[in-house]
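Work through the following exercises with the structure open beside you, and try each task on your own before you read its solution.

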Amino acid sequence: MDSLFHQNQTKSHPTKQVLIYSIPPLLKLICLTLIGLILAHPKTQLVPKATFKLLSKLVFALFLPCLIFVDLGETITLKNLIRWWFVPVNVILSTAIGAVLGFLVVKLCKPPPEYTRFTIIMTAFGNTGNLVLAIIGSICQSADNPFGPECQKSGTAYVSFAQWVSVLLVYTLVYHMMEPPSEYYEVVEDGNEIQEYVMTNDLSRPLLVDAEWPGIEDRETEHCKTPLIARVFSDSLEEGSCSGGVGPSSPKSLRCLAEPRVVQKIRIIAEKTPLSHALQPPILAILSAFVIGIIPPIKPVIYGDDAPLSVITDSLEILAAPMVPSVMLILGGMLAEGPNESRLGIRTTIGILVARLLVLPLVGIGVVWVADRLGFLIHGDQLYKLVLLLQYTTPSAILLGAVARLRGYAVKEATALLFWQHVFAMFSIGLYVIAYFNMLFSYV
């Protein structure tokens with residue numbers, strides 16, 4: 001395992017130095033989280049929930065896009081675009097391996113049948129965005145960090161480069177996996193909506209609904225709270241799609257006649273997948289950074305100390321500064337609400353915690369080591385490897401709580417599980433980050 005963990009042949013950091021590099025950044029994040037918890041706790045109410053919701057919107061619409069645009073745009077080049085190919089692939093691998101672990105949790109812990117898909121997706125899909133950015137930002141804050149002066153920009157660029165894959169997974173795989181199971185939920189005839197958990201007041205919604213992707217629930221579609229796939233494959237939508245008021249010689253009718261039945265069903269599901277909703281401020285910032293960063297004539301005009309428009313990037317960099325503390329304060333506010341009651345069961349909850357927070361990071365170490373041995377990783381770039389390892393280490397994405405509410409499926413269970421995952425993740429992430437630093441900067 002030498003090639004993964006050696007920084008160079010002349011320098012190795014003793015254990016004490018590794019602890020100095022790894023523990024203080026994590027303690028800073030925990031302190032910020034505790035401050036958010038105290039401010040939002042129901043017994044103190046120093047800061048109302050509405051303020052935390054507003055802060056989450058600022059993170060989503062302003063702080064995060066500015067951070068991505070400034071750091072990713074300055075770092076990305078056509079060469080780096082090719083060199084970093086394993087970062088988004090690693091997100092897909094971590095999700096696939098997590099899904100396998102989730103399936104094992106289902107087999108071993110036997111959750112209620114209606115929560116089978118929920119158990120798998122909560123084990124599979126981790127927080128590869130805001131939380132990883134916060135960890136990297138905290139590590140890179142110190143001037144004597146082990147990754148050098150470009151730590152912040154490079155780390156943010158690596159994490160942001162994978163965000164588009166995560167968003168695609170949310171609006172495809174996660175969206176459909178969180179579909180309400182038709183056999184366990186009652187469908188209302190007039191609105192075709194699942195009646196499981198309904199709150200109309202914005203302030204009555206749990207903070208986790210707006211903690212990572214505010215406004216997602218406001219983007220409800222016609223079928224977002226219905227068992228769409230189950231209905232399509234039981235032919236309930238197929239007839240309406242292919243024979244609903246179209247002439248026998250119309251292009252739509254001819255296409256339906258030419259397509260096999262399975263292709264028709266897949267096309268119906270694809271047409272009703274709200275993929276267009278993925279174009280949100282962070283994704284637009286990523287796309288803008290890509291376009292500007294990889295075009296040589298444009299990049300020097302915007303990025304760099306001598307750039308004619310450097311005042312713009314300097315201003316955006318100032319706006320991006322509150323990103324990390326804001327994310328951790330919001331997390332503390334979410335934890336202050338406490339866990340909801342859950343019908344998932346203690347055994348399944350513990351199974352997901354163990355699989356997601358303890359087993360998956362061990363598998364991730366093996367995956368990153370194999371990728372390095374095969375020459376897929378950037379040689380000598382320890383920060384690159386750390387980001388890949390962190391993608392296996394974080395708890396389930398807070399965004400899953402918002403998707404659960406959007407789909408009207410397992411909302412209370414998602415709230416409770418995310419609470420317990422983030423509580424125990426304070427310890428598991430700390431242990432694994434120390435282990436990662438030891439592996440990356442010591443001879444093994």
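The exercises below go from the whole chain to pairs of helices, a link between cysteines and single residues.

**Exercise 1. The whole chain**

Task: State how many helices and strands there are in the protein, and find what share of its residues counts as buried.

Solution: Keep in mind from the start that this is a predicted model. Going through the secondary structure, one arrives at 22 helices and zero strands in the protein. The next step is burial, and here 54% of the 444 residues count as buried. As a last step, take the contacts with a separation of 6 or more, of which 84% are accounted for by residues 24 or more positions apart.

**Exercise 2. Helices H3 and H15**

Task: Decide how the axes of helix H3 and helix H15 are arranged, and sort the residues of their contact by class.

Solution: Begin with the geometry: helix H3 covers residues 49-75 and helix H15 covers residues 281-293, and their axes come within 8 Å and cross at roughly 20°. Angles under 35 degrees count as roughly parallel, and therefore H3 and H15 are roughly parallel to each other. The handedness is the next point, and H3 passes H15 in a right-handed crossing. On the side of H3, the residues that make the contact include Phe60, Leu64, Ile68 and Leu72, while on the side of H15 they include Pro281, Ala285, Ile286 and Ala289. Sorted by class, the residues of the contact of H3 with H15 come to 14 nonpolar, three polar and no charged.

**Exercise 3. Helices H19 and H20**

Task: Describe how helix H19 and helix H20 pack, and list the residues that make their contact.

Solution: Helix H19 runs over residues 346-373 and helix H20 over residues 382-390, and the two pack at an angle of about 145° with their axes 9 Å apart. The crossing in which H19 passes H20 is right-handed. From H19 the contact is made by Gly364, Ile365, Val368 and Asp372, and from H20 by Lys385, Leu388 and Leu389. Dividing the residues of the contact of H19 with H20 by class gives four nonpolar, one polar and two charged.

**Exercise 4. A link between two cysteines**

Task: Find which cysteines form a disulfide, and say which helices they are in.

Solution: Recall that a disulfide is a covalent bond between the sulfur atoms of two cysteines. The cut-off for the pair of sulfur atoms is 2.5 Å, and the sulfur atoms of Cys140 and Cys151, which form a disulfide, are 1.7 Å apart. By this rule the count comes to one disulfide. Cys140 is in helix H7 (residues 130-140) and Cys151 is in helix H8 (residues 151-161), with their positions 11 residues apart in the chain. The angle about the S-S bond is -55°, and the link of Cys140 and Cys151 is left-handed. Both Cys140 and Cys151 are buried.

**Exercise 5. Two glutamines**

Task: Are Gln391 and Gln163 buried or exposed, and which residues does each touch?

Solution: Gln391 has its place in the loop between H20 and helix H21. The relative accessibility of Gln391 is 1%, so Gln391 counts as buried. Leaving out residues up to four places away in sequence, Gln391 touches Val87, Asn90, Val91, Ser94, Thr128, Ala162 and Arg356. Gln163, by contrast, is found in helix H9 (residues 163-177). With a relative accessibility of 14%, Gln163 counts as buried. With residues up to four places away in sequence again left out, Gln163 touches Thr128, Gly129, Ile283 and Ile286.

**Exercise 6. Positive phi values**

Task: Give the phi of Lys110 and of Ala410, and decide for each whether the residue is buried or exposed.

Solution: Lys110 is not a glycine, and yet its phi is positive, at about 50°. Lys110 lies in the loop between helix H5 and helix H6. Exposed means over 50% relative accessible area, and Lys110, at 59% relative accessibility, therefore counts as exposed. Ala410 likewise has a positive phi, near 55°, in a residue other than glycine. The place of Ala410 is the loop between H21 and helix H22. The relative accessible area of Ala410 is 0%, so Ala410 is buried.

Technical notes:
Residues numbered from 1 in each chain as written. Predicted model: local features only at pLDDT ≥ 70, side-chain atom pairs only at ≥ 80, totals over all residues. Heavy atoms only, no water. Axes fitted to C-alpha atoms, helices over the stretch in contact; angles between N-to-C directions. Helix = DSSP H or I, 4+ residues; strand = E, 2+ residues; numbered from the N terminus. Parallel < 35°, antiparallel > 145°, perpendicular 65-115°, else oblique. Left-handed = near helix turned anticlockwise from the far one by under 90°. Contact = heavy atoms within 4.5 Å. Nonpolar A, V, L, I, M, F, W, Y, C, P; charged D, E, K, R; others polar. Buried < 20%, exposed > 50% of the residue type's maximum accessible area, 1.4 Å probe, protein only.
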